[in-house]
Amino acid sequence: MKYNENDFCLILAGGKGRRLWPCSREKYPKQFLDFFSTGKTLLQQTYERMTGIVPEENIYISTNREYAPLVEEQLPGIDRTRILSEPIFRNTAPSVAWAAYRIVHINPDARMVVVPSDQAVFNEEKFRDNVLAGLDFVGCNDSLLTMGIKPTRPEPGYGYIQMGEKAKAENVYKVKTFTEKPDREFARMFMDSGEFYWNTGLFLANVQYLRECLKKIFPPVFRKIDVEVRPIPLEEELDFIEENFPSFPNLSIDYGILEKNDNVYVMRCDFGWADLGTWHSIYESMSKGDGDNVVIGSKVLLAESSNNIVKLPKDHLGVIHGLDGYIVAEKGNVLLICKKEDSSALIRKYINEVQIKHGDEFI
């Protein structure tokens, strides 16, 4: 397979995965789990997917220092210098800023795709075609490009991108608005209008333009060590990160860059996609069994129960009678039985209460 040596990828794998508690735990979050019993974790699937698109040596993993050993264990062939191990939990914009700094000094002509590690892609070939077309677009245009998927349901748990005027490239449009997690009524209006696409969280840019955008929200971040001609020694870079990363603003890429930039585009994509970030989104994206129940790798006897999502340990048996619209999830020392609707907010609430009353061992 012939690759473009200017193509780089950053996989975001540093989240705590709390929205899928209790199966996703702080010591072992969702990206490191074989959540669907496929034989590969979400991180491994994402990494393998990207090796078919960009040169493997150009793939970087952003994670927290606490999770770096898990990355090394699950990707045993990866060079440790490609694991950007952050000393403190921050949002995605600081992660991208560090990766962009590293990559621009390796290859000033780099085109970069940023990929979350907790997504399902149902058509790998179309995904590859879409990403390569997107990299070609940002390679020729100083702009930021997001990847959008046509909504198949009024999903309130996703972000939405409103398309504006068409660009010269095929299936690429200027972004008119971003809307994060609308209520179901607005989500239905968005879907019916045909103007809105789901925001997949994947975005692309050429690294020179990306760094110019980052400098506007992080003006002093890399100034002390930013040498345009040649990179500083890796050890000095890591010392700088150790000292300065905790002071970086806690901003997401969506809020910090995409929503504040006038030069953002969206590509209409059709590779089939699901965000695996919440119980509700997993339920909506998976095929349903009898009674519209979703059972993930579990032994379960269901009676007079419908619209539930169930995930239990492999050596446990669940007998469930009379439940409608619930999450039933067990891992280790925690069993969660919770209404599926508004579960993300409820789970955040319960995690805080459990942590205060019973300690970190249950989180």
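## Backbone features in the loops

At 42% relative accessibility, K181 counts as partly exposed, and in this predicted model the residue has a positive phi of about 50 degrees although K181 is not a glycine. The place of K181 along the chain is the loop between β8 (172-180) and α5 (184-193).

A second residue with a positive phi is S37, where the angle is about 55 degrees although S37, too, is not a glycine. S37 belongs to the loop between β1 and α1, and with a relative accessibility of 37% S37 counts as partly exposed. The loop between β1 (7-12) and α1 (42-51) also holds P22, and the peptide bond that leads from W21 to P22 is cis, with omega near 10 degrees.

## Aromatic pairs

A pair of aromatic rings is described by the distance of the centres and the angle of the planes. In this model the count comes to 14 aromatic pairs. One of them is formed by Y67 and F89, an edge-to-face pair with 5.9 Å from centre to centre and 65 degrees between the planes. This pair links distant parts of the chain, since Y67 is found in the loop between β2 (59-64) and α2 (68-74) while F89 is found in the loop between β3 (83-86) and α3 (92-106), 22 residues apart. The two partners can also be described by their accessibility: Y67 is buried, with a relative accessible area of 0%, whereas F89 is partly exposed, with a relative accessible area of 28%.

Another pair is made by F190 and F196, whose rings are stacked, with 4.0 Å from centre to centre and 15 degrees between the planes. Both F190 and F196 are buried. These two residues also take part in a cluster, in which ring pairs link Y160, F186, F190 and F196.

## Charges over rings

Two lysines can be described together with aromatic rings. The charged end of K288 sits over the ring of Y283, at 4.8 Å from the centre of that ring. K311 lies over the face of F35, and here the distance to the ring centre is 4.9 Å.

## An open sheet and its edges

Four strands form an open sheet in the order β12-β14-β16-β17, and the pairing within this sheet is mixed. Because β12 (294-295) and β17 (334-339) each have a single partner strand, they stand at the edges, and one side of each is left without a neighbour in the sheet.

Strand β16 (residues 326-331) is joined to β17 by 6 bridges, and these two strands run antiparallel. At the level of single residues, V328 has I337 in β17 as its bridge partner.

## A nonpolar patch on the surface

Which residues make the nonpolar surface patch of about 330 Å²? The patch is made by L301, L317 and V319. Of these residues, V319 can be placed in strand β15, which covers residues 317-321. V319 counts as exposed because its relative accessibility is 60%, and exposed here stands for values over 50%.

How values were computed:
Residues numbered from 1 in each chain as written. Predicted model: local features only at pLDDT ≥ 70, side-chain atom pairs only at ≥ 80, totals over all residues. Heavy atoms only, no water. Buried < 20%, exposed > 50% of the residue type's maximum accessible area, 1.4 Å probe, protein only. Patch = residues over 30% accessible without salt bridge, like charges linked within 9 Å, V, L, I, M, F, W, Y side chains within 5 Å. Areas by Shrake-Rupley, 256 points an atom, 1.4 Å probe, with all protein chains shown as cover. Salt bridge = Lys/Arg side-chain N within 4 Å of Asp/Glu carboxyl O. Phe/Tyr/Trp six-rings, centres within 6.5 Å; stacked < 30°, edge-to-face > 60°. Lys NZ or Arg CZ within 6 Å of the ring centre and 35° of its normal. Pairing = 2+ DSSP bridges.
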